[in-house]
Amino acid sequence: MNEMKVRVPRSAALARFVLRPVGRVLVVGLALLVVLGLGVFTYFYSHYSRLIDEKLRVGPFAQTAKLYAAPELVAVGDVMTPAQIAAELRRSGYNESHTNSTGYFQIHPGSIEIFPGADSYFDQEAAVIKFSGNRISSIVSLQDNTQRGQYQLEPQLITNLSGPNREKRRLVKFADIPQVLIDAITSAEDKRFFQHSGFDPIRIIKAAYVDLKEGRKGQGASTLSQQLARGFWLDQDKRWTRKLAEVIITLQLEQKLSKEEIFEDYVNMVYLGWRGSFEVRGFGEASEAYLGKDLSQIRIPEAATLAGMIQRPSYFNPFKYPDRTRERRNVVLLLMHQNGQISDRDYEQAVNSPLTVVKGGSQSVDAPYFTDLVEDELQAKLGDDNFRSSAYHIYTTLDMDLQRAATDAVRIGMQGVDEQIRRQRRFRGQTPPEPQAALVALDPHTGEVKAVVGGRNYGMSQLNHAMAKRQPGSIFKPFVYATALNSAIEGGPQVLTASSTVVDEPTTFFFDGKPYEPDNFEHEFRGTVTLRDALAHSLNVATVKVAETVGYDKVVEMANRAGMNYQIHPTPAVALGAYEITPVEAAGAYTVFANHGDYVRPDFLSLVRGQDGRVLYRGKVQEKQVLDARVAYLMTSLMEEVLRSGTAVRVRTAYNFMAPAAGKTGTSHDGWFAGYTSELLCIVWVGFDDNRELDLEGAHSAAPIWAEFMKRALQFRQYRNAQEFDAPDGIVSATIDPQSGMLWTPSCPTQRQEVYIAGTQPLAACPLHGAGRQNVTSVSGWTTAPPVSKPALSDDGLRGTPESRPLPQVTARRPETVRREVAQQESPPPQNPKPEKKGLFHRLLGVFK
């Protein structure tokens, strides 16, 4: 049979001739692409492998600066319980696990054992603190079984500083993560985490199907390993190279780490929203921030709440959106139930339970404005802009108890300020602007800043009003009177004392050829007054007269020596606080009075250690003498009068602050109060950001905040024992007539005991109320007691009922010697102690007398 020949069309043969080389080119091209792709993949794989190895070698969280508060001291006799100490230790990073590198504790009936770890701030022994009732009965060292009178608790972590962000993170080990949280996280984010090798094909296919069906990208398919890869090594760039890097890093992590290690790093890394001004990172911090408890203590519904936040932390914020957070929690609980991780009974109880969150504000423990000041201080002292990534351990002076008290006091006090401003006529029918506030509290003997509030809400405004320059108003006046009383030390043509008199009346001052006419509050003048009364009632004209007498230049020199800036000029207006200072400056300046005449520079840092434990900075007290201790005591006595009978009398009568204290109100465009006890000094400022008039005196704006804060401070052991201010050697007291400022006689209607530097007390009897000189002068520390006097009445300056004026008491050590200086007898005051206010008609008549 003849074979049949098939004739191939010429066009087909031509196509075959052409396609064969094209196919070869495509094959070669594909091969080259594969080789190139493998090369690129190998390059990136090797590149990220080195990065991962380097990070894992030093630890994933190693390059983070940690900012700590001051350690808390507990002592035998303190009112406290084991649970309270345990709560403090948890906030410091301790827990019940023996593997915790910071430290751990064990609670027993009536006691708590504390074991500092390798990463503890202290190189100190373990101890057991025993209790009797709600009081510490003994502290025993576990090293040598001997008694201790006190014990320092670990400093609390304020924040982590990492890169450009403020992060709060509490590291936990996998062994310390409760199983209920592991179940909640895997159910919500990656239920096959412990089975897959970094990628979950089933979940990827399911997510793709749902997205195609719904026509949008709504399903996530990233595993925990992928999320960890993104969180640690990648930015927010959405390009394909980032996705390739994510795949490579995920493969690397799965090869280099166990599942438990990946899960532990994820639990410590994941972003879970904001509290105050800080990012909440990791479940250890989230449990404390949102639930107020250690991670080991969380229950099923709480674990589901935290796990549910991973998806959208801000949207599911339990403080802002409790309803939607509860709904999301219940979704996670349903997933846990479907996965067989909780029983029917546990599921029913959990979904029907209320949403629980910690009570209280966030800024009280965040201290964001304080953190800003610490960062500025670090850069100034260490000259290192990279301290955020240097793994420094930064120990500050912050007292967490006082910080909470300060935040609460400002919050409560500003509610009253807001209400007063709403009632002001100028804002009727409109929404008034929101005033701001600042509070600075420090130890007047060391300069350690214990609390700072720089504004009402850091999230709304990062302007730190504690460092904003404003006119201090009358809180500057004590430096005028200190300059005057210092004349007893420096000498000169006139020695002024607390009972020296000045005429408070309308006066025109001329300076540099220009008139200056200050006015008193509500245009009220008191005639002849002593320096004590002039300061107590914050009399403007009298104060300018005192400044003119001693010299404006000397007043400015005094202010500069007390740490105030050099933009203060020697003019009449300086006496009334017309030149701007900051609240931090004011706090430092007032240490001159509270610290026996020595200025102490405010400080925020106590210790900085490098990653290797080397001490990079150690704080020390920076002080210098500005006033003689006797002058400082006289000023404290004069400012005690401000609270006793002057412009701040409401601190006692209305706000019930009764501890020994001295202070001064201030009113400029703003409201101020500066005051101190023997243990604590506090400055409060209230005003508007645009420097408009607050139109509230310091007594009604700043003073209530000060009183609220100081009352809270008295609840803490370090500050509750506020003592009477002791007079130094060389102080004497004399009974005087408060109208004339001279020695009291039986004919005088009122009397007051006044204090002086020995040798400057008056020697002449009061000339206003007849003869019959009987006076007693007692020297500080002498056993001679002053005569008992009848309480005298004086105007309190605040349109209230005049208060009786108790006599100031002088207590101190007996002086070995008292220098008796030649006393300069003061000029007798005018015969009319209370001159009448003269109108224009009477003044014209007076020309013809």
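How far is the sulfur of Cys748 from the closest cysteine sulfur, and in which residue does that sulfur lie? In this predicted model, the closest cysteine sulfur to that of Cys748 is in Cys766, at 3.7 Å, which is too far for a bond. A disulfide is counted when two cysteine sulfur atoms are within 2.5 Å, and the structure holds 0 disulfides. Seen from the other side, the sulfur of Cys766 has its closest cysteine sulfur in Cys748, again at 3.7 Å and too far for a bond. Cys748 counts as buried because its relative accessibility is 7%, and Cys766 also counts as buried, with a relative accessibility of 3%.

From these two cysteines we can turn to the aromatic rings, which form 19 aromatic pairs in the structure. One of them joins Tyr369 and Tyr458, whose ring centres are 4.9 Å apart and whose planes stand at 75°, so that the pair is edge-to-face. This pair links distant parts of the chain, since Tyr369 belongs to helix H13 (residues 368-382), while Tyr458 is found in the loop between strand E15 (449-453) and helix H15 (477-485), 89 residues apart. The relative accessibility of Tyr369 is 1%, and so this tyrosine counts as buried; Tyr458, at 10%, counts as buried as well.

A further pair is made by Tyr676 and Phe725, and here the ring centres are 5.7 Å apart with the planes at 75°, so this pair is also edge-to-face. Because Tyr676 lies in strand E25 (residues 671-676) and Phe725 in the loop between helix H24 (717-720) and strand E27 (731-736), the pair ties together parts that are 49 residues apart in sequence. Tyr676 has a relative accessible area of 0% and is therefore buried, and Phe725, with a relative accessible area of 12%, is buried too.

Rings can also be joined into groups, and in this model ring pairs link Phe174, Phe193, Phe194 and Phe263 into a cluster. Phe263 leads us on to helix H7 (residues 259-269), where 9 of the 11 residues are buried, so the helix is largely enclosed by the rest of the structure. Among the buried residues of H7 are Phe263 itself, its neighbours Ile262 and Glu264, and also Lys259, Asp265 and Tyr266.

An aromatic ring may also have a charged group over its face, and Arg324 is placed in this way with two tyrosines. Arg324 lies over the face of Tyr315, at 3.8 Å from the ring centre, and Arg324 also lies over the face of Tyr321, where the distance to the ring centre is 3.9 Å.

What kinds of residue line the largest cavity? A search of the whole structure finds 1 cavity of 30 Å³ or more, and the largest cavity has a volume of about 30 Å³. By class, its lining has 9 nonpolar residues, with no polar and no charged ones. Pro472, Ile475, Phe476 and Phe479 are among the residues that line the largest cavity, and Met564, Ile581, Ala586, Ala589 and Tyr590 line the largest cavity too. Helix H20 (residues 583-594) gives the most to this lining, with 3 residues.

Helix H20 also helps us to locate His596, which is in the loop between H20 and strand E20 (598-600). Most residues other than glycine have a negative phi. In His596, however, phi is near 60°, a positive value in a residue other than glycine. With a relative accessible area of 52%, His596 is exposed. Asn691, which is not a glycine either, has a positive phi of about 65°, and its place is in the loop between strand E26 (681-687) and helix H23 (698-713). Asn691 counts as partly exposed because its relative accessibility is 30%.

One last residue shows how positions separated in sequence can be compared in space. Arg411 lies in helix H14 (residues 400-422), and at 46% relative accessibility it counts as partly exposed. Although 26 residues separate Arg411 and Ala437 in sequence, their C-alpha atoms are 9.4 Å apart in space.

Note on methods: Residues numbered from 1 in each chain as written. Predicted model: local features only at pLDDT ≥ 70, side-chain atom pairs only at ≥ 80, totals over all residues. Heavy atoms only, no water. Buried < 20%, exposed > 50% of the residue type's maximum accessible area, 1.4 Å probe, protein only. 1 Å grid on protein atoms, 1.4 Å probe; cavity = no way out; pocket = protein on both sides within 12 Å on 5 of 7 lines; lining within 4 Å. Points joined across faces, edges and corners; volume = space filled by probe spheres on them. Helix = DSSP H or I, 4+ residues; strand = E, 2+ residues; numbered from the N terminus. Nonpolar A, V, L, I, M, F, W, Y, C, P; charged D, E, K, R; others polar. Phe/Tyr/Trp six-rings, centres within 6.5 Å; stacked < 30°, edge-to-face > 60°. Lys NZ or Arg CZ within 6 Å of the ring centre and 35° of its normal.
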